[in-house]
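Visitor: I am new to reading protein models, and I would like a close look at the turns and loops that link the strands. Could you take me through them slowly?

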Amino acid sequence: MGKWADYCIVGVRLTPDRKQIETVRMLPDTGSLLVTGLIMARRQVIAGLQRGMSFTTALPDADQMSYAKGLPIGIVTVDGADYLRIDAEPISADDLGNLPEF
(Lines give C-alpha, C1' and ligand atoms only; values in the text may rest on other atoms or scores of the structure.)
Protein backbone atom coordinates (compact mmCIF):
# COMPACT_ATOMS: atom_id res chain seq x y z
CA MET A 1 0.00 0.00 0.00
CA GLY A 2 2.73 2.50 0.91
CA LYS A 3 2.16 5.19 3.50
CA TRP A 4 -0.37 7.81 2.39
CA ALA A 5 -0.12 10.11 5.44
CA ASP A 6 0.26 9.98 9.20
CA TYR A 7 -3.53 9.72 9.48
CA CYS A 8 -6.35 8.99 7.04
CA ILE A 9 -9.65 10.69 7.76
CA VAL A 10 -12.53 8.36 6.87
CA GLY A 11 -15.58 10.12 8.36
CA VAL A 12 -16.79 13.47 9.66
CA ARG A 13 -19.33 14.85 12.10
CA LEU A 14 -20.46 18.35 11.09
CA THR A 15 -21.70 21.28 13.17
CA PRO A 16 -25.44 22.05 12.91
CA ASP A 17 -24.82 24.80 10.30
CA ARG A 18 -22.80 22.22 8.27
CA LYS A 19 -19.98 24.73 7.63
CA GLN A 20 -17.45 23.23 10.01
CA ILE A 21 -16.34 19.82 11.05
CA GLU A 22 -16.91 19.04 14.71
CA THR A 23 -14.96 15.76 14.90
CA VAL A 24 -13.34 13.33 12.49
CA ARG A 25 -12.97 9.57 12.46
CA MET A 26 -9.46 8.71 11.40
CA LEU A 27 -7.18 5.74 11.02
CA PRO A 28 -3.42 5.84 11.69
CA ASP A 29 -1.52 4.80 8.56
CA THR A 30 1.29 2.31 9.28
CA GLY A 31 2.41 2.12 5.66
CA SER A 32 1.03 -1.36 5.14
CA LEU A 33 -2.46 -1.00 6.60
CA LEU A 34 -4.85 1.36 8.29
CA VAL A 35 -5.28 0.46 11.95
CA THR A 36 -7.89 0.97 14.67
CA GLY A 37 -9.89 4.15 14.31
CA LEU A 38 -9.75 7.23 16.50
CA ILE A 39 -12.10 10.15 16.99
CA MET A 40 -10.39 13.54 16.99
CA ALA A 41 -11.71 17.08 17.39
CA ARG A 42 -11.31 19.50 14.50
CA ARG A 43 -8.98 21.73 16.52
CA GLN A 44 -6.69 18.75 17.13
CA VAL A 45 -6.41 18.07 13.38
CA ILE A 46 -5.54 21.73 12.77
CA ALA A 47 -2.92 21.62 15.55
CA GLY A 48 -1.47 18.43 14.06
CA LEU A 49 -1.19 20.00 10.62
CA GLN A 50 0.49 23.06 12.14
CA ARG A 51 3.04 20.73 13.83
CA GLY A 52 3.86 19.06 10.51
CA MET A 53 1.68 15.95 10.69
CA SER A 54 0.10 14.80 7.44
CA PHE A 55 -3.55 13.94 6.89
CA THR A 56 -5.39 12.66 3.83
CA THR A 57 -8.93 11.55 3.15
CA ALA A 58 -9.60 7.86 2.53
CA LEU A 59 -12.83 6.73 0.95
CA PRO A 60 -14.45 3.38 1.75
CA ASP A 61 -14.37 0.85 -1.07
CA ALA A 62 -17.10 -1.66 -0.17
CA ASP A 63 -16.28 -3.97 -3.11
CA GLN A 64 -12.69 -4.42 -1.93
CA MET A 65 -13.53 -4.13 1.80
CA SER A 66 -10.81 -1.49 2.11
CA TYR A 67 -10.16 2.20 1.55
CA ALA A 68 -9.08 4.16 -1.51
CA LYS A 69 -6.67 7.05 -1.08
CA GLY A 70 -8.37 10.42 -1.25
CA LEU A 71 -6.82 13.89 -1.23
CA PRO A 72 -4.32 15.56 1.11
CA ILE A 73 -5.80 17.86 3.74
CA GLY A 74 -4.49 21.34 4.40
CA ILE A 75 -5.38 24.50 6.27
CA VAL A 76 -6.87 27.55 4.54
CA THR A 77 -7.03 30.75 6.61
CA VAL A 78 -9.86 33.18 5.83
CA ASP A 79 -10.25 36.39 7.87
CA GLY A 80 -8.02 34.96 10.61
CA ALA A 81 -9.97 31.69 10.95
CA ASP A 82 -8.52 28.30 9.95
CA TYR A 83 -10.49 25.80 7.87
CA LEU A 84 -9.72 22.20 6.89
CA ARG A 85 -9.83 21.79 3.12
CA ILE A 86 -8.78 19.44 0.34
CA ASP A 87 -8.39 22.43 -1.97
CA ALA A 88 -6.91 25.90 -1.52
CA GLU A 89 -10.16 27.81 -2.07
CA PRO A 90 -10.47 30.80 0.31
CA ILE A 91 -13.95 29.79 1.51
CA SER A 92 -15.10 30.15 5.14
CA ALA A 93 -16.05 26.49 5.51
CA ASP A 94 -14.38 23.13 5.98
CA ASP A 95 -14.39 20.83 2.95
CA LEU A 96 -13.05 17.28 3.05
CA GLY A 97 -15.03 16.10 0.05
CA ASN A 98 -17.64 13.36 0.17
CA LEU A 99 -16.59 11.55 3.33
CA PRO A 100 -19.38 9.69 5.11
CA GLU A 101 -20.88 11.25 8.22
CA PHE A 102 -20.94 9.38 11.51
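Guide: Here is a walk from the whole chain to its loops and hairpins.

This is a predicted model, in which local features need pLDDT of at least 70 and side-chain atom pairs count only at pLDDT 80 or more, while totals for chains, interfaces and linings use all residues. Residues are numbered from 1 along each chain as its sequence is written, and side-chain values use heavy atoms, with hydrogens and water left out.

Let us begin with the overall layout. The protein chain has one helix and seven strands; here helices (H or I, at least four residues) and strands (E, at least two) are DSSP runs, numbered from the N terminus. Along the sequence, their order is β-β-β-α-β-β-β-β. The C-alpha atoms fill a box of roughly 40 × 30 × 20 Å, taken along the principal axes. The radius of gyration, taken over C-alpha atoms, can be set beside a globule rule of 2.2 Å times the number of residues to the power 0.38. For 102 residues, a compact globule would have a value near 13 Å, and the protein chain agrees because its radius of gyration is 13 Å.

Of the 102 residues, 37% are buried. Buried means under 20% relative accessible area, exposed means over 50%, and partly exposed lies in between (1.4 Å probe, protein chains only). Contact means heavy atoms within 4.5 Å. Among the contacts with a separation of 6 or more, 43% are between residues 24 or more positions apart.

Now for the loop between β1 (7-14) and β2, where Arg-18 has its place. Thr-15 is in the loop between β1 and β2 as well. Are these residues buried or exposed? Thr-15 counts as buried because its relative accessible area is 17%, whereas Arg-18 counts as exposed because its relative accessibility is 51%. Leaving aside neighbours within four places in sequence, Thr-15 is in contact with Gln-20 and Glu-22. Arg-18 also has a backbone feature to look for: a positive phi of about 65°, although it is not a glycine. As background, most residues other than glycine have a negative phi.

The next stop is the loop between β2 (21-28) and β3 (38-41), which holds Thr-30. Ser-32 lies in the loop between β2 and β3 too. Thr-30 counts as partly exposed because its relative accessibility is 48%, and Ser-32 counts as exposed because its value is 53%. You can also trace how these two residues sit relative to an earlier part of the chain. Thr-30 and Tyr-7 are 23 residues apart along the chain, with 8.8 Å between their C-alpha atoms. For Ser-32 and Asp-6, the separation is 26 residues in sequence and 12 Å in space, C-alpha to C-alpha.

Further along come the hairpins. Strand β4 (residues 55-61) and strand β5 (residues 66-72) pair in the antiparallel sense over five bridges; two strands pair if DSSP finds at least two bridges between them. Within this pairing, Ala-58 stands opposite Lys-69 in β5. The hairpin of β4 and β5 has four residues between the strands, and Met-65 takes a positive phi near 55° there.

The other hairpin on our walk is formed by β6 and β7. How many residues lie between β6 and β7 in this hairpin? There are two, and Asp-79 in the turn has a positive phi of about 50°. Asp-79 is found in the loop between β6 (74-78) and β7, and it counts as exposed because its relative accessible area is 80%. The strands β6 and β7 pair in the antiparallel sense over five bridges. To find one matching pair, look for Thr-77, whose bridge partner in β7 is Asp-82.

Let us finish with a residue in the second strand of that hairpin. Ala-81 is found in strand β7 (residues 81-85), and it counts as partly exposed because its relative accessibility is 27%. Ala-81 and Ala-93 are 12 residues apart along the chain, and their C-alpha atoms are separated by 9.7 Å.
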